[in-house]
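Colleague: Could you take one part of this model and walk me through it closely? I would like to see how it sits against its surroundings.

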Amino acid sequence: MKTTRIILNGAAVGAGMCIPGFSGGTLAMLLGTYDELLYSTAHFQKDIRKHSRFLGLFAAGGAVGLLIASLLVSALLSTPAEMPLRFAFLGAAIGCIPPMMHDTEIAPVTLKKLPLILCGAMTALLISLIPTASFTDADSSLLQIAGGVLIAAALVLPGISASQMLYVLGLYEPTLRNIAAGNIIALLPLAVGVLLGIILTAKLLCILLERYKGTYLVILGFMLFSLKEMIPPCHNYNELFIGALCCAIGFVLSTLCTKKSK
């Protein structure tokens, strides 16, 4: 039964990672598996057999959920549903912020906390200033590896959406298309970067999250600034109205899913 639960949790987190605004770390936290994930990654060498089994089952479930969700989302993004869907993603991202603030005990936001929030926002700004062509260029394997390292932080940290990070780096749609098409070769540089990033940052993040609550304030600033990268263009008032409605629906669904998970 525990094996089935681990696989299903992995599938849920993998599917959620395809949707900008849904944080894999937050989903794992709400499913009650985040602490074990972080500990197994950060202290893998302490019990290799136990941790490799847990991580292997979770990764297998995640791969299945990721593949199914990427096929669905990739198909929808090539239809007239693209604009409403992007607004729904935006609403879902906004809906993830209040529960993250509550669960990490950083609410309410005071003037003393603003510098750390601004630090997170400035980090997102600096990342957004990197030319997206640097990461999408077929010849920039090293830069794609670097992008993978950045995405790894989003995979480990609760509150940051990995797909949202892909949006910021301009890698979301190319990655989604490659996953849906099974183009493994094109995904290798990014996958190597993600793997290296998880290994290099898991222990550091484990220490920071345990000792410094301010880490979550930096995450909050990053999330707030990154929202602007998800806003699709509107060409008329009808699209704006539909977009606002879809954004509200995404927000409500995100909030309901969070409450249901709890």
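**A close look at helix α4**

Modeller: Happy to! Let's begin with what α4 hides: His51, Phe54, Leu57, Phe58, Gly61, Gly62, Gly65, Ala69, Ser70, Val73 and Ser74 are its buried residues. Please keep in mind that this is a predicted model.

The spacing in that list is worth a thought. In an α-helix there are 3.6 residues to a turn, so positions three or four apart point the same way. Among the buried positions of α4 are Phe54, Leu57 and Phe58, and further along Gly61, Gly62 and Gly65.

Next, the length of the helix. α4 has 29 residues, and at 1.5 Å a residue they should span 42 Å; the C-alpha atoms at its ends lie 41 Å apart, so the expected and modelled spans agree.

Now for the neighbours, starting with the glycines. Gly61 belongs to α4, and its relative accessible area is 2%, which is why it counts as buried, the cut-off being under 20%. Leaving aside residues up to four places away in sequence, Gly61 touches Ile7, Gly10 and Ala11. The C-alpha atoms of Gly61 and Arg5 are 9.7 Å apart, although 56 residues separate the two along the chain.

We can look at this region from the other side as well. Gly14 is part of helix α1, which covers residues 2–17. Gly14 is also buried, at 4% relative accessibility. Beyond residues up to four places away in sequence, Gly14 touches Gly62, Gly65 and Leu66; of these, Gly62 and Gly65 are on the list of buried residues in α4. From Gly14 to Ala59 the C-alpha distance is 8.4 Å, across 45 residues of chain.

Further along α4 comes the contact with α10. The two helices pack at an angle of about 115°, with 9 Å between their axes, and α4 passes α10 in a left-handed crossing. On the α4 side, the residues that meet α10 are Leu66, Leu67, Ser70, Leu71, Val73 and Ser74. Their partners in α10 are Tyr172, Leu176, Arg177, Ile179 and Ala180. Sorted by class, this contact holds eight nonpolar residues, two polar ones and one charged one. Leu66 therefore appears in two settings, since it touches Gly14 and also takes part in the contact with α10, both under the cut-off of heavy atoms within 4.5 Å.

How does this fit into the interior? The largest nonpolar core has 38 residues, and those touching the most other members are Met100, Ile106, Ile151, Tyr172, Leu220 and Met230. At least two residues of this core come from each of α4 (48–76), α5 (82–103), α6 (114–128), α9 (162–169), α10 (172–181), α11 (184–211), α12 (214–226) and α13 (237–261). The biggest share is that of α5, with nine residues. Tyr172, one of the best-connected members of this core, is also among the α10 residues that meet α4. A second, separate core of 14 residues includes Leu37, Leu38, Ala42 and Phe58, and Phe58 is one of the buried residues of α4.

Finally, the wider setting. The protein chain is built with 13 helices and zero strands, and 45% of its 262 residues count as buried. Among its contacts with a separation of 6 or more, 77% join residues 24 or more positions apart; the touch between Gly61 and Ile7 and the one between Gly14 and Gly62 give you two concrete pairs to inspect.

Technical notes:
Residues are numbered from 1 along each chain as its sequence is written. This is a predicted model: local features need pLDDT of at least 70, side-chain atom pairs count only at pLDDT 80 or more; totals for chains, interfaces and linings use all residues. Side-chain values use heavy atoms; hydrogens and water are left out. A nonpolar core is a set of buried Ala, Val, Leu, Ile, Met, Phe, Trp, Tyr and Cys residues joined through side-chain atoms within 4.5 Å. Buried means under 20% relative accessible area, exposed over 50%, partly exposed in between (1.4 Å probe, protein chains only). Helices (H or I, at least four residues) and strands (E, at least two) are DSSP runs, numbered from the N terminus. Axes are lines fitted to C-alpha atoms, for helices over the stretch in contact, and angles run from 0 to 180 degrees between N-to-C directions. A crossing is left-handed if the near helix is turned anticlockwise from the far one by less than a right angle, and right-handed if clockwise. Ala, Val, Leu, Ile, Met, Phe, Trp, Tyr, Cys and Pro count as nonpolar, Asp, Glu, Lys and Arg as charged, and the others, Gly among them, as polar. The expected span of a helix is 1.5 Å times one less than its number of residues.
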